[in-house]
Amino acid sequence: MLTSIVGINWGDEGKGRMVDLLSEDYDIVVRYQGGNNAGHTVINEKGKFILNLLPSGILRENVVNVMGNGMVIDLKHLVGEMQKLTDAGIKITPENLKISEKAVICMPYNVLQDGLEEQRLKDKKFGSTLRGIAPIYGDKYLKKAFRMGELKNFDILKESLYGIVEWKNLLIAGGYKHEAIKAEEMIAYLEEYGGKLKDFVIDTSVYLDEAAKAGKKIMFEAQLGALRDIDFGIYPYTSSSSTISAYAPIGAGIPNHKLDNAIGIMKAYSTCVGEGPFTAEYFGEKAEALRQAGGEYGAATGRPRRVGPFDVVASKYGIRMQGATEIALTKLDVLTGLDEIEICSAYELDGKVIDEFPFTDVLDKCKPVFIKMKGWKEDISSCRKKEDLPKAAVDYIEYIEKATGCKITYVSVGASREQYVKM
Ligand code: GDP
Ligand code: MG
């Protein structure tokens, strides 16, 4: 059984908590793209954890976690994240954590480059998480990146490092006029942090292929959502990797296997971090109330998230791009207490109503069309069955299900592991 857990919207839909919940029935969880710009919050009996690089299955003792070749890994950050979990009593060994030898190393100069570019852009900045993600994916495709497997052949790595640092300084020192990067410092960095990680590095492709053939249950955990996908998202306000489900077997290292299902994680309202078009956005008091109710501040960056009502057009597109076979609708409890709940049911473009998600430039010109549904006042955070939910909440879920054309199988009503309803 190969299952992906993917974001339908702009990210922060609650993928981490759903992976934590559903991984109970899985043998392996694989992160297949992105880096430490992710922030997956998990709350269970062990405590509250924010995972940036580690797969969210790391909190379950019987689950093996894999960091796939599609990822970009900041070594120092990973060492720190592992230490935090170890301090909290979570055991991490090469038995339950395996890192692909083909995963790319996000270097300190990539982080520097990210910051220098955002500074240069000033008010035109992209709202980067400043973790070096775009620069390192750029380096990967320019074939100037190091991969985790190289940590095992340090002498060879060292040789190529001088050339790469020289090349990078053409930009850092030559272009941005920043102090040049020193090769010796980079070597010391790789030795220190790479040394702590190299025992976790294996050919995860062989490991996963054998596991899949032996009938093991494998879950693929995405970072961000469909609307931040490098190809299908709101480019250029996207991430730099492929966040979609179809990429999961590739980013995990087993393109010879097909997914059996894709569980789309979709929020009961909309949030978005960073710049770019966000058609149904709320402003002012209305926005602040929703942001407060949902605790919408970035897990990786602490930035206040932009908020709005549920967006049918964007979500329907997200579901199609993810090939979602079912949906987990998250954070429904946040909408409790409203007299009426708005939904963005369509967009208006030059006086015409459209329901297909348009190209980025066109999206900028779209205006939201809102409908209103009846709200509910009852606290739903302890509901565990569909019958426990107020009628207005069920109507809301069913409207969304019908409007987006995908079956909703889970609804979450609180951040803790057990706070969900199986529909
Ligand atoms: P991810 O990036 O998709 O894993 O999502 P994040 O962890 O960045 O953001 C989701 C936030 O909502 C986290 O703070 C979660 O603890 C919280 N959360 C998840 N599910 C629920 C829910 O059903 N209700 C409430 N109130 N909070 C939730
Ligand atoms: Mg997040």
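At what angle do α2 and α6 pack, and how far apart are their axes? The close-ups below start there, and keep in mind that this is a predicted model.

**View 1. Helices α2 and α6 pack together.** Here's the reply to that opening question: the angle is about 40°, and the axes sit 9 Å apart. Angles under 35 degrees would count as roughly parallel, so α2 and α6 are described as oblique to each other. The way α2 passes α6 is a left-handed crossing. On the α2 side, look for Leu75, Lys76, Leu78, Val79 and Met82. On the α6 side, the contact is made by Tyr189, Leu190, Tyr193, Gly194, Lys196 and Leu197. Sort the residues of this contact by class and you get eight nonpolar, one polar and two charged.

**View 2. The largest nonpolar core has 43 residues.** If you want landmarks, try Leu54, Ile73, Leu75, Met148, Leu161 and Leu190, the residues with the most contacts inside this core. Several elements chip in: β4 (47-51), α2 (75-87), β7 (97-100), α3, α5 (154-175) and α6 (183-197) each supply at least two residues. The largest share comes from α6, with seven residues. Two of the landmarks, Leu75 and Leu190, also turn up in the contact of View 1, Leu75 on α2 and Leu190 on α6. As a bit of background, nonpolar side chains tend to be buried together in soluble globular proteins.

**View 3. Helix α3 packs with helix α4.** This time the helices are α3 (residues 108-121) and α4 (residues 133-142), and they pack at an angle of about 120° with axes 7 Å apart. That angle makes α3 oblique to α4. The crossing of α3 and α4 is right-handed. From α3, the contact uses Tyr109, Asn110, Gln113 and Asp114. From α4, Ile133, Pro135, Ile136 and Asp139 join in. By class, that's four nonpolar, two polar and two charged residues.

**View 4. Lys144 sits in the loop between α4 and α5.** Is Lys144 buried or exposed? Its relative accessibility is 29%, so Lys144 counts as partly exposed. Skip the neighbours within four places in sequence, and Lys144 is in contact with Asp139, Ile164 and Trp167. You've already met Asp139, on the α4 side of the contact in View 3. Now find Lys168: Lys144 and Lys168 are 24 residues apart along the chain, and their C-alpha atoms are separated by 9.3 Å.

Terms used: Residues numbered from 1 in each chain as written. Chains lettered and ligands numbered in written order. Predicted model: local features only at pLDDT ≥ 70, side-chain atom pairs only at ≥ 80, totals over all residues. Heavy atoms only, no water. Axes fitted to C-alpha atoms, helices over the stretch in contact; angles between N-to-C directions. Helix = DSSP H or I, 4+ residues; strand = E, 2+ residues; numbered from the N terminus. Parallel < 35°, antiparallel > 145°, perpendicular 65-115°, else oblique. Left-handed = near helix turned anticlockwise from the far one by under 90°. Contact = heavy atoms within 4.5 Å. Nonpolar A, V, L, I, M, F, W, Y, C, P; charged D, E, K, R; others polar. Core = buried A, V, L, I, M, F, W, Y, C linked by side-chain atoms within 4.5 Å. Buried < 20%, exposed > 50% of the residue type's maximum accessible area, 1.4 Å probe, protein only.
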